[in-house]
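Me: I should like to work through this structure step by step. Please answer each question in turn and end on the value or name requested.

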There are 2 protein chains.
Amino acid sequence: MIGQEHWGLPGGYVGKDENIDDAAIRILKTRTGAEKVFLEQFKTFGNTGRSEKDLSYLPESIWFRQRFLSVGYYALVDYEQIIPVVDDISTACEWKNVHELPDMMMDHRQIYEAALETMRFQLNYKPIGYNLLPEEFTMPDLQKLYETILGKPLSRGNFQRKMLGYDIFIKHDKERKGGAHRSPILYSFDQVKYQAALKTGLKEAW
Amino acid sequence: MIGQEHWGLPGGYVGKDENIDDAAIRILKTRTGAEKVFLEQFKTFGNTGRSEKDLSYLPESIWFRQRFLSVGYYALVDYEQIIPVVDDISTACEWKNVHELPDMMMDHRQIYEAALETMRFQLNYKPIGYNLLPEEFTMPDLQKLYETILGKPLSRGNFQRKMLGYDIFIKHDKERKGGAHRSPILYSFDQVKYQAALKTGLKEAW
DNA sequence: GGCCCATTGTCTCATTCTGATACAATAATA
DNA sequence: TATTATTGTATCAGAATGAGACAATGGGCC
């Protein structure tokens with residue numbers, strides 16, 4: 001952020017004649033190039049005085065000197081395929097490792113944590129992996145993805161049992177060779193079932 | 001709503017120097033008198049053209065002719081203890097039966113449905129009942145509350161087993177007499193455990 | 001080619017959770 | 001005292017979950 005030593009989460013304005021969901025799609029596309037990925041609103045942040053510091057040296061017209069709301073959205077993308085793009089008010093834009101997050105401006109840390117919490121929670125109800133894994137992947141691949149998001153290890157056997165129980169995969173008749181051990185079976189997502197599961201959810205509640 | 005034949009959900013403006021959570025608390029208090037009840041943000045609505053009708057006969061300054069966002073909050077209150085209060089731009093404000101909901105302005109129907117969905121979902125993770133039931137209540141009372149929210153009947157025995165398993169109640173050594181049948185046992189919420197369950201959630205996820 | 005090792009697929013077992021149902025307890029009433 | 005409606009509680013089968021075992025397999029090594 002120009003004139004600030006702190007990083008911030010990427011964001012942008014909502015156009016006066018733009019739906020907020022469309023704004024999220026547009027901003028994601030502008031800043032990352034990503035399209036048609038999982039993108040969901042999770043929470044709106046609207047505390048006053050969100051910027052603790054004295055910002056009077058900045059022009060009054062700048063957004064974070066006025067009253068504003070941040071409608072939080074999070075997206076799931078494959079970071080290797082994404083090149084972050086700087087915007088007008090920033091000096092840099094890049095990926096950061098979640099285990100080495102720098103200090104962030106205003107309440108962005110809190111926003112990040114709310115997004116993470118929502119995402120972990122959603123993991124129980126919505127399938128993930130499409131767009132995050134290659135077209136063909138193995139169960140250990142998928143498990144690593146879940147473990148990364150949850151930040152903790154999962155039991156192999158039980159993970160596989162649970163996932164396959166969801167019945168959203170297409171099993172291929174081939175394995176991925178490589179490594180001095182048994183080869184894992186390759187799967188793809190069954191798009192029809194995957195999309196259906198996204199809508200109806202993986203679990204019933206009551 | 002003045003000049004409109006349709007009803008709307010109660011709402012209000014956020015002050016320029018007011019946190020949105022505080023605004024929700026204030027508006028709830030103003031319109032219902034309720035304080036210190038369960039009140040939670042669930043979703044933000046920001047489509048353009050949310051009012052389908054031609055509103056050009058109204059002054060441009062009126063809020064729903066301009067661009068606006070609605071940050072949705074829902075509260076749980078005992079409707080017998082609440083008297084809805086009219087605001088400046090409305091002609092009436094009253095309770096409606098959810099099974100006989102009138103047509104609502106703009107996207108308020110959608111907002112209502114999102115709130116209901118969130119609430120039903122949360123039922124699995126957060127205890128409810130405090131402020132909605134009298135200080136002392138029975139398991140059948142609580143079950144009726146759940147059934148009302150979920151809109152479907154639940155099995156008696158299993159409901160009781162599950163609830164008591166949460167261990168958030170204080171069991172009293174008395175029953176509520178009345179009716180030609182066995183008297184149900186009276187319970188209260190254990191405030192410490194109840195509040196703890198509100199924070200940590202009733203279920204673990206992964 | 002035969003042996004070893006790391007990882008994977010799959011099975012089993014015990015525990016817990018859930019849905020369905022049954023039955024005994026109890027208060028009001030006749 | 002018998003009847004009835006509702007409640008408290010137990011039981012049973014099935015599903016879901018956590019922990020662990022074991023066989024299968026591909027590559028490296030000799």
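Reply: A residue is near a molecule or strand if one of its heavy atoms lies within 4 Å of it. The model discussed here is predicted.

Me: How many residues surround DNA strand D?
Reply: Residues of chain A and chain B are found around this strand; the closest are A:Ala180, A:His181, A:Arg182, B:His181 and B:Ile185. By class, the surface near DNA strand D divides into five nonpolar, eight polar and eight charged residues. The number of residues that surround DNA strand D is 21.

Me: Which elements give two or more residues to the surface near DNA strand D?
Reply: One contact on this surface joins a polar side-chain atom of A:Arg161 to a base nitrogen of DNA strand D, at 2.9 Å. The elements that give two or more residues to the surface near DNA strand D are helix H4 (156–166) of chain A and H4 of chain B.

Me: What percentage of the atoms of DNA strand D within 4 Å of the protein belongs to sugar or phosphate?
Reply: Both the bases and the sugar or phosphate part contribute atoms within 4 Å of the protein. A phosphate oxygen, for instance, is 3.4 Å from an N or O atom in the side chain of A:Lys177. A base oxygen, in turn, is 2.5 Å from a polar backbone atom of A:Arg182. Bases account for the rest of these atoms, and the share of sugar or phosphate is 48%.

Me: Which residues come nearest to DNA strand C?
Reply: There are 21 residues around DNA strand C, and sugar and phosphate account for 47% of the atoms of this strand that come within 4 Å of the protein. The surface near DNA strand C has five nonpolar, eight polar and eight charged residues. The residues that come nearest are A:His181, A:Ile185, B:Arg161, B:His181 and B:Arg182.

Me: Which residue has a side-chain N or O atom 3.1 Å from a base nitrogen of DNA strand C?
Reply: Two other contacts of DNA strand C involve backbone atoms and must be set aside: a polar backbone atom of A:Ala180 is 3.1 Å from a base nitrogen, and a polar backbone atom of B:Gly179 is 3.4 Å from a sugar or linking oxygen. The side-chain atom in question belongs to B:Asn158.

Me: What is the area buried between chain B and chain A?
Reply: The two chains meet through 30 residues of chain B and 30 residues of chain A. Carbon and sulfur atoms give 58% of the buried area. The area buried between the chains is about 2500 Å².

Me: How many residue pairs are in polar contact across the interface of chain B and chain A?
Reply: Salt bridges are a separate matter, and across this interface the rule finds zero of them. For polar contact, both residues of a pair must be at pLDDT 80 or more. The number of residue pairs in polar contact is 12.

Me: Which element supplies the largest share of the side of chain B that touches chain A?
Reply: The elements of chain B that give two or more residues to this side are strand S1 (38–45), helix H3 (139–150) and helix H4 (156–166). The residues of this side divide into 15 nonpolar, eight polar and seven charged. The largest share, four residues, comes from S1(B).

Me: Which relation links chain B to chain A?
Reply: Chain B can be laid on chain A with an RMSD of 0.1 Å by a turn of 180° and a shift of 0.0 Å along the axis. That is the relation of a two-fold axis.

Me: Why may one say that the copies meet through the same surface?
Reply: The argument compares the interface residues of chain B with those of chain A. The copies meet through the same surface because the share of interface residues of chain B that are also interface residues in chain A is 100%.

Me: Which residue offers its backbone nitrogen to the side chain of A:Glu147 at 2.7 Å?
Reply: A:Glu147 is found in helix H3 (residues 139–150) of chain A. Leaving out residues up to four places away in sequence, A:Glu147 touches A:Lys152, A:Pro153 and A:Leu154. The backbone nitrogen that the side chain of A:Glu147 reaches at 2.7 Å belongs to A:Leu154.

Notes. Residues numbered from 1 in each chain as written. Chains lettered and ligands numbered in written order. Predicted model: local features only at pLDDT ≥ 70, side-chain atom pairs only at ≥ 80, totals over all residues. Heavy atoms only, no water. Contact = heavy atoms within 4.5 Å. Buried area = accessible area lost by both parts, 1.4 Å probe. Salt bridge = Lys/Arg side-chain N within 4 Å of Asp/Glu carboxyl O. Polar contact = N/O pair within 3.5 Å; in protein donor to acceptor, adjacent residues only side chain to side chain. Nonpolar A, V, L, I, M, F, W, Y, C, P; charged D, E, K, R; others polar. Least-squares fit on C-alpha atoms with pLDDT ≥ 70 in both.
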